[in-house]
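Colleague: I am new to this structure and would love a close look at one part of it, the surroundings of the ligand. Could you walk me through them?

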Amino acid sequence: MLEQDDNTRLFYEMICRFLEREADPYYPEWEAAGQVPRDFWLKLGEAGMLAIDLPEEYGGTAADFAITQLVLEEISRRGFGGLASAYNIHANIVIPYLEHLANEEQKQQWLPRMATGAVMSAIAMTEPGAGSDLANIKTRAVKVVDGWLLSGSKIFITNGMIADMVIVCAKTDPAAGAKGMSLFLVDAHLPGFSRGKPIQKIGQHASDTAELFFEQMLLPANALLGEEGAGFAYLMQELPRERLGVGAQALGAMEGALALTLAYVKERSAFGQPIASFQNTRFKLAEVRAQIDMARAYFNHCLTLYRQKRMTSTDAAILKLQLTEMQCQTIDQCLQLFGGYGYTLDYPISRFYVDARVQTIYAGTSEIMKEVIARSMLGK
Ligand SMILES: Cc1cc2nc3c(=O)[nH]c(=O)nc-3n(C[C@H](O)[C@H](O)[C@H](O)COP(=O)(O)OP(=O)(O)OC[C@H]3O[C@@H](n4cnc5c(N)ncnc54)[C@H](O)[C@@H]3O)c2cc1C
């Protein structure tokens, strides 16, 4: 956990009480339903936990941005990987995009309702033909007299089924490559917007993942977020925070999985002794503890860099690569110590395992992270 001052400690205790009361009893239902109900988002909003570091004038709580990461960590520690991803998108990614890039009218239009949960959000970059190769997207926005005409489709959009507003990445000048890309604040209730069926995933069931379609959708002129043609640069600028959030999810999940495993190995016996007494068990648990502590040190270093506006895309790539790969490995080792029970749905360690798998894929795959790191040393 973060180094905690009194304020952070109070906030942390509040988060724990809130999740214990409002999420713990219902999480299995949300996993079965494939999404978190709006009612829960409204309660999070009411508790001041949806826009933690947003200024009060836009409905935020005006606390430290690291507390948003702490919420992500705590949600993940409880084994709620799907909820963590949905929260990361809305509270830790889309709200900061608007805070940093939107004009005053756009901020007033969206932020106060996003802070209460009345408006839920998503961000849509990936397309069926372009994931890692984002510069190759085909969704097109054409300037018309009264705004923009948006056409195309997106895939794998977290919160896509529940979102009222989606930041959509589209080409405004296809001949200009990455410099021909712009971002739009798309009101999902306008004509021309539609959603496919929820995509069925192996884990993170409580987070809905959707395909979105835009058919000659007329957007008002004020839907453009920031400058025309600067979309790709904005995505790069905001990536460190997105990857900090994914890192917080990894840390929380590793802590949660380790706690479950520690309890289990003390209870379970084989060959007349607790499995905790086998040297293999002790060594595996020691390795996991040591890895988590190393990961936390780098994570805290990145928090400091981000606060000082010095966190680079290479720092973010190292953080995302190391913490998510470590999450998959350590949780796999924890599950192994549960034997056959670890493979059943009755033991929550299995949910930690399936929820972890996508962490090395979304928000930039591990291979792309390695490319970013290599480029920082070797150039193109
Ligand atoms: C549950 C889930 C939620 C998601 N949420 C969102 C969301 O909210 N918004 C959004 O826009 N997207 C979202 N995504 C999409 C996600 O970001 C992409 O799936 C991811 O970026 C990879 O793109 P792709 O699936 O097209 O894979 P591809 O780009 O086709 O990659 C396939 C494989 O090739 C490798 N590869 C590609 N290029 C290179 C290279 N240059 N060098 C080496 N290897 C390479 C990749 O690493 C990967 O292993 C989500 C995905 C999932 C599964």
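Which side chain has an N or O atom 2.8 Å from a nitrogen atom of the ligand?

Modeller: Happy to help, and please keep in mind that this is a predicted model. The side chain you are after belongs to Thr 158: one of its N or O atoms is 2.8 Å from a ligand nitrogen. The protein buries 64% of the 970 Å² that the ligand exposes when taken alone. Two further contacts are worth finding. At Thr 126, an N or O atom of the side chain is 2.7 Å from a nitrogen atom of the ligand, while at Phe 156 a polar backbone atom is 2.8 Å from a ligand nitrogen.

Now let us step back to the whole shell. The ligand sits in the largest pocket, surrounded by 18 residues, and the closest are Thr 126, Ser 132, Phe 156, Thr 365 and Glu 367. By type, the shell holds eleven nonpolar, five polar and two charged residues.

Where do these residues come from? Strand 3 (147–158) gives the largest share, three residues. At least two each are supplied by strand 1 (121–124), strand 3 and helix 11 (366–378). Seen by domain, at least three shell residues come from domain 2 (122–229), and at least three from domain 3 (232–378).

Definitions and conventions:
Residues are numbered from 1 along each chain as its sequence is written. This is a predicted model: local features need pLDDT of at least 70, side-chain atom pairs count only at pLDDT 80 or more; totals for chains, interfaces and linings use all residues. Side-chain values use heavy atoms; hydrogens and water are left out. A residue is near a molecule or strand if one of its heavy atoms lies within 4 Å of it. A polar contact is a pair of N or O atoms within 3.5 Å; within protein, one must be able to donate a hydrogen and the other to accept it, and residues adjacent in sequence count only if both atoms are side-chain atoms. Accessible areas come from the Shrake-Rupley method with a 1.4 Å probe; for residues, only the protein chains shown count as cover. On a 1 Å grid over the protein atoms alone, a cavity is a set of points where a 1.4 Å probe fits but cannot get out, and a pocket is an open set with protein on both sides within 12 Å along at least five of seven lines; lining residues have an atom within 4 Å of a point. A molecule sits in a cavity or pocket if more than half of its atoms lie within 2 Å of its grid points. Helices (H or I, at least four residues) and strands (E, at least two) are DSSP runs, numbered from the N terminus. Ala, Val, Leu, Ile, Met, Phe, Trp, Tyr, Cys and Pro count as nonpolar, Asp, Glu, Lys and Arg as charged, and the others, Gly among them, as polar. Domain bounds come from an automatic or database domain assignment.
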